[in-house]
Every structure is written in structure tokens, then in C-alpha cells.
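Trainee: I would like a close look at one part of this model, the strands and how they are set against one another, and I would be glad if you took me through it slowly.

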Amino acid sequence: RHKFWESQPVGQFKDLGDTSLPEGPIEAPTPLSEVKQEPYNLPTMYEWITCDIDSDEMCTEVYNLLANNYVEDDENMFRFNYSKEFLRWALHPPGYFKSWHIGVRVKSSKKLVAFITGVPARIRVRDEIVTMAEVNFLCVHKKLRSKRLAPVMIKEVTRRVHLENIWQAAYTAGIIIPTPITSCQYWHRSLNPKKLIEVGFSRLGPRMTMSRTIKLYKLPESTVTPGFRKMGLHDVPAVTRILRNYLSQFVVAPDFSEHDVKHWLLPTEGVIDSYVAESSETHEITDFCSFYTLPSSILGNKNHLTLKAAYSYYNVCTKTPLLQLMNDALIVAKQKEFDVFNALDVMHNDTFLKELKFGPGDGSLHYYLYNYRIRHTLKPSELGLVLL
Ligand code: YNC
Ligand code: MG
């Protein structure tokens with residue numbers, strides 16, 4: 001049923017429940033000299049390119065490919081609209097490899113028609129820290145679908161990851177392939193319910209009027225946690241400390257250094273927002289919350305072009321109740337004119353979702369590891385990893 005995935009070193013459906021299989025790498029690394037030196041073959045009309053996302057021209061081409069051809073919801077009403085600034089951030093973490101930002105062009109017209117990326121990350125699985133590629137932004141132009149181009153894209157990124165002596169990967173997808181380490185659900189918290197209803201993102205509940213709905217989702221004008229403020233560069237050591245400590249409880253989670261925290265969590269306008277709570281007595285950083293900006297294009301609405309969505313990223317409490325911290329995150333997201341605040345049911349998120357009036361989305365987000373077997377499927381609350 002999965003001709004390609006059945007040929008890959010990933011957990012297979014037939015092995016699900018086989019407790020005799022060991023946890024860890026499925027295949028041992030091969031000597032680098034045995035890694036294929038030439039790119040995989042593409043149909044002759046196409047050619048591989050390495051995308052320099054620093055170049056404005058290249059970044060615009062990638063942006064346009066994704067804006068027109070990337071992930072849509074099941075009803076094709078919305079499509080992710082990652083900004084150029086977001087793509088630059090997502091693709092340039094510490095230690096990134098330019099060779100892992102891969103495009104496919106039509107030779108004759110030079111038109112960009114497919115894309116896939118990897119970035120390096122240290123991911124801890126139980127007590128093993130594994131250097132992996134986080135693979136994302138796999139996209140094939142709508143007119144070239146179902147021609148088995150995706151397996152070639154995946155094999156090529158795998159080859160280029162192997163050339164850096166890295167043998168594992170982590171990725172998410174909306175579809176089920178062999179085999180998820182966990183399956184999560186998105187929850188949505190309306191910030192601008194009127195617009196969300198107008199564009200068909202949400203519906204007026206039974207026996208609800210528009211004005212009652214607006215009142216239901218109303219938030220305070222300002223945050224309530226004492227010492228709540230935007231994260232700054234000087235907070236990186238403290239945030240790293242509390243975040244590392246927090247993430248240590250999950251079965252699968254990133255192993256963040258201060259360099260990683262500076263890149264992934266320091267606020268960048270229109271990309272990533274992070275807040276800390278600083279104790280007025282000790283000046284310690286006691287709590288931390290963050291969300292990234294990922295708008296969606298609204299397909300076929302006359303009045304509204306984009307849905308401004310915030311996505312919960314990493315949140316840590318040592319003093320403030322998580323419920324209160326996340327309510328403050330909702331308040332700042334509302335101040336910044338986001339229409340909706342999204343969160344997965346990972347980490348401890350299920351302790352605030354219902355109380356803070358998030359509603360469950362349709363469809364799931366499945367998490368996968370490449371060449372690393374996990375003995376049991378995880379609960380979403382055992383996962384400490386958010387991919388973009
Ligand atoms: C997917 N999303 O199952 P089988 S997520 C993985 N992730 O293979 P074709 C996928 N595999 O089942 P199309 C996949 N989608 O026969 C499809 N597949 O074994 C598998 N959509 O290929 C599929 N972006 O070329 C099947 O399909 C085979 O033309 C079929 O292309 C697929 O970024 C796609 O949703 C997704 O642009 C490119 O539909 C296309 O349909 C598209 O005939 C809209 O392919 C955008 C979209 C996916 C977002 C993402 C994560 C990707 C992870 C890829 C796997 C990485 C593995 C690790 C590599 C490094 C290893 C090391 C070390
Ligand atoms: Mg195809």
C-alpha cells in the first residue's frame with residue numbers, strides 16, 4: 001500500500017505491537033564513502049538546485065511556490081502562507097546546511113516546481129541525544145502531483161543529510177504513513193470570532209448570536225502576570241535553563257543550547273513572539289511563553305484575504321499557573337491583532353485548552369522519525385517537540 005515508505009528505514013505497520021524489536025536506529029550508518037555522490041535522477045525536463053534563501057530573488061520564488069501550492073485544509077478553504085522572513089528564520093538555525101534547501105526547476109523555463117528542506121537539530125529520545133534533520137516544506141506544484149516526484153525529493157534530501165554524517169530525521173505530516181510516533185490534534189482559540197465566522201473558519205454555535213459569541217471570546221485589555229514582558233537577549237541563559245529543565249520530562253524533545261534558544265525563541269518581528277515573567281523580588285525568570293506567526297490565505301472570500309494565526313510554540317511555568325500564562329499569551333496575541341491562536345495537544349497543553357475556550361480542529365498532525373524506532377506509540381502529552 002505504501003510502495004515508497006515500505007522501502008524506507010521507518011517503523012512499519014506490520015511491526016506495530018512487536019515488543020521484541022529494539023528501540024533506536026533501524027539501520028546502522030554506512031561509511032560516508034558509500035553514500036551516493038551524485039543526485040538522484042529527475043525526469044529529464046527538470047534539474048536540481050540548491051536554494052540560497054538569503055537571495056531576495058530565490059526567497060521570492062520559494063515564497064510564491066509555497067503560497068500557491070503548499071498545505072491546505074481538508075475543505076480547501078485556507079492555505080498556509082509562510083512569510084519570507086519566516087522562511088529565512090526557519091531555514092537558518094545554528095549549523096544549518098545550505099545543501100539541505102533543495103529546489104527542482106523546469107530546465108527550459110527555470111520555473112521552480114518543487115521544494116524540500118532540512119535543518120539540523122539535536123533531538124532527545126528518552127536518554128539518547130540524536131542529531132537529526134528536521135524535514136519540512138515538502139511541496140510539489142499542483143500541476144505535477146501524483147507523478148511520484150515526492151519520493152525522489154525525499155531520497156535526495158536523505159542523501160544530502162547522509163553526506164553530513166546524519167542518519168535520523170524528524171518530520172510531521174497531515175497524512176498517515178508508516179508510522180506515527182504520535183498523532184496530535186490542533187485546537188483553535190478564537191480572538192476575532194466575527195471574522196472567523198465570516199470566512200468559514202468557525203460557525204456560530206447552536207443558540208448563539210454574534211454578539212453573545214463576541215462576548216464569549218472577549219479578553220482583558222492587558223496581561224495579569226506580574227513582571228510579564230517581552231523576552232530580550234539578556235534572558236537567553238535563564239530561558240535556556242528553565243526550558244531545558246521543562247523539556248527533560250518528555251519522551252521526545254529538542255535538546256536546546258543557548259545558541260538554539262537565541263535563534264528559535266528570541267523575538268523576531270512578525271515571526272516569533274516570546275514573553276517572560278520576571279520576579280520583582282529576585283529578578284529571576286520564572287515563566288516563559290512563545291508563539292510563531294503563520295498566516296493562511298483565505299481562498300475565495302471577497303472581503304478577507306488572510307487569516308492571521310498565532311501558533312503556540314514552547315511554554316514553561318515554574319511559578320505562574322500555566323492557565324494564567326497562556327491567557328496572557330492570548331491577550332498579547334489579541335493586542336497584536338491575530339484572528340486565532342492555535343495550539344497542539346502536546347506537552348501540558350491539554351491542561352488549558354478547554355478552560356481557555358479552545359475548540360478542537362478537524363484532522364490530525366502526525367509526528368514521524370526516520371531511521372529511529374520507538375517501541376510504543378506516544379501520547380501527545382509525552383511529546384515535547386513543536387515543528388514549524
Ligand atoms: C508527506 N507529506 O505516501 P507511498 S509535510 C511524506 N510526507 O508514498 P507523489 C508523503 N510522504 O505511500 P504528490 C507525503 N505526502 O506510496 C505524500 N507522501 O509509499 C508520499 N502537497 O508521491 C506518499 N506538503 O509525488 C507516497 O505524491 C508518495 O505528487 C507519493 O506529492 C506529495 O513537509 C506532496 O502537503 C506532499 O505538495 C509533495 O502532495 C504534494 O502528491 C504537495 O506521487 C501540498 O509520497 C503540500 C504538502 C507536505 C507537508 C512536510 C514533511 C515532509 C517529510 C518527508 C519525509 C522526510 C523523511 C526524512 C528525510 C531525511 C532522512 C535522513 C536521514
Ligand atoms: Mg508527483
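Mentor: In this predicted model, three strands make up an open sheet whose order is S2-S12-S13, with antiparallel pairing. The edges of that sheet are strand S2 (78-80) and strand S13 (306-307), and because each has a single partner strand, one side of each is left without a neighbour in the sheet. S2 is joined by three bridges to strand S12 (residues 296-298), the two running antiparallel, and within this pairing Phe-80 lies opposite Ser-296 of S12.

Strand S11 (residues 285-293) deserves a longer look: nine of its nine residues are buried, so the strand is largely enclosed by the rest of the structure. Its pairings can be taken one by one. With strand S10 (residues 272-278), S11 pairs in the antiparallel sense over seven bridges, and here Ala-277 stands opposite Asp-287 in S11. S10 and S11 form a hairpin with six residues between the strands, where His-283 adopts a positive phi near 60 degrees. S11 also pairs with strand S14 (residues 309-312), again in the antiparallel sense and over three bridges, with Phe-291 placed opposite Ser-312 of S14. A further antiparallel pairing, over two bridges, links S11 to strand S15 (residues 316-317), and Val-316 in S15 is the bridge partner of Phe-288.

Phe-291 leads from these strands to another residue, Phe-341. Leaving aside neighbours within four places in sequence, Phe-341 is in contact with Phe-291, and also with Arg-189, Leu-191, Ala-310, Leu-330 and Ala-333. In the largest nonpolar core, which has 99 residues, Phe-341 is, along with Phe-115 and Ala-333, one of the residues that touch the most other members. Strand S4 (residues 112-125) contributes the most to this core, giving nine residues, and the core draws at least three residues from each of domain 1 (5-176) and domain 2 (183-382). As a general point, nonpolar side chains in soluble globular proteins tend to be buried together.

Other strands take part in the surroundings of ligand 1. Of the 35 residues around ligand 1, those that come nearest are His-2, Phe-4, Leu-138, Ala-150 and Ala-169. Strand S5 (128-140), helix H3 (149-162) and strand S6 (168-173) are the elements that give two or more residues to this shell. Sorted by class, the shell around ligand 1 holds 24 nonpolar, seven polar and four charged residues.

How values were computed: Residues are numbered from 1 along each chain as its sequence is written. Chains are lettered from A and ligands numbered from 1 in the order in which they are written. This is a predicted model: local features need pLDDT of at least 70, side-chain atom pairs count only at pLDDT 80 or more; totals for chains, interfaces and linings use all residues. A residue is buried if 20 or more other C-beta atoms lie within 10 Å of its own, exposed if 12 or fewer, and partly exposed in between; C-beta atoms are placed from the backbone. Helices (H or I, at least four residues) and strands (E, at least two) are DSSP runs, numbered from the N terminus. Two strands pair if DSSP finds at least two bridges between them. A residue is near a molecule or strand if its C-beta atom, placed from the backbone, lies within 6 Å of it. Ala, Val, Leu, Ile, Met, Phe, Trp, Tyr, Cys and Pro count as nonpolar, Asp, Glu, Lys and Arg as charged, and the others, Gly among them, as polar. A nonpolar core is a set of buried Ala, Val, Leu, Ile, Met, Phe, Trp, Tyr and Cys residues joined through C-beta atoms within 7 Å. Domain bounds come from an automatic or database domain assignment. Two residues are in contact if their C-beta atoms, placed from the backbone, lie within 7 Å.
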